[in-house]
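Student: I have a model open and would like to talk through its aromatic contacts and one of its sheets. Shall we look together?

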Amino acid sequence: NTHIRFWRPSMSKAAELAALIGSQTALSNRNLIINGAMQIDQRNATTTGSGYTVDRFNFVKSTNFDELVTAVTQDTDTPSGEGFSNSLKIAITTAESAIGSDEVMYLDQRIEGQNLQHLGFGTSSAKSITLSFFVKSPLAGKHSVLFYNATNTRTNLQAYTVSSANTWEK
């Protein structure tokens, strides 16, 4: 017979392990958005239709938006003093003459379900999340962000206000 022996670590090793495990709870507040600082752009190309642009960000434009021409790029225009060197820019180079109810355009990042498990969505112990970002828009006024859970077909649409056109705001 083969016997496998496990030996118990000394108290100092056990204390180190407990401290390591305890420090993992700090990860619960980590950023779920990957490449939010727009640093990685492996494709290094302008997206003019639907498709992936700066890594992990997908730009979608419905085919009905036939007149609308856009350019989605990594840009060096960033909020001053915040430590960012890049941003994602969506430039509308040709505007749509009339927007129909079946026309849609959005930017998304799909977060893998395994990276959301600790939030406990769908349970009585679900945790809340916070989305914060910088925005610079040529239009002041109400804009929106949508949280969408494809697995459970749940959505949460939230409005935010851009106070000043062409100014970085958080």
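Student: Happy to start with a single residue: how exposed is Phe-84, as a relative accessible area?

Tutor: Keep in mind that this is a predicted model, where local features need pLDDT of at least 70, side-chain atom pairs count only at pLDDT 80 or more, and totals for chains, interfaces and linings use all residues. Residues are numbered from 1 along each chain as its sequence is written, and side-chain values use heavy atoms, leaving out hydrogens and water. Buried means under 20% relative accessible area, exposed over 50%, and partly exposed in between (1.4 Å probe, protein chains only). Phe-84 is partly exposed, with a value of 33%.

Student: Which residue forms an aromatic pair with Phe-84?

Tutor: Rings of Phe, Tyr and Trp (its six-membered ring) pair if their centres lie within 6.5 Å; planes under 30 degrees apart are stacked, over 60 edge-to-face, and the rest tilted. Here the centres are 5.7 Å apart with 70 degrees between the planes, an edge-to-face pair. The partner of Phe-84 is Phe-134.

Student: How many residues apart are Phe-133 and Tyr-160 in sequence?

Tutor: These two also pair edge-to-face, at 5.1 Å and 85 degrees. Strands are DSSP runs of E, at least two residues, numbered from the N terminus. Phe-133 lies in the loop between strand 5 and strand 6, and Tyr-160 in strand 7 (residues 154–162), so the pair ties together parts whose separation is 27 residues.

Student: And in the open sheet with order 1-2-5, which are the edge strands?

Tutor: Two strands pair if DSSP finds at least two bridges between them. Strand 2 (residues 58–61) pairs antiparallel with strand 5 over four bridges. Pairing on one side only marks the edges: strand 1 (51–52) and strand 5.
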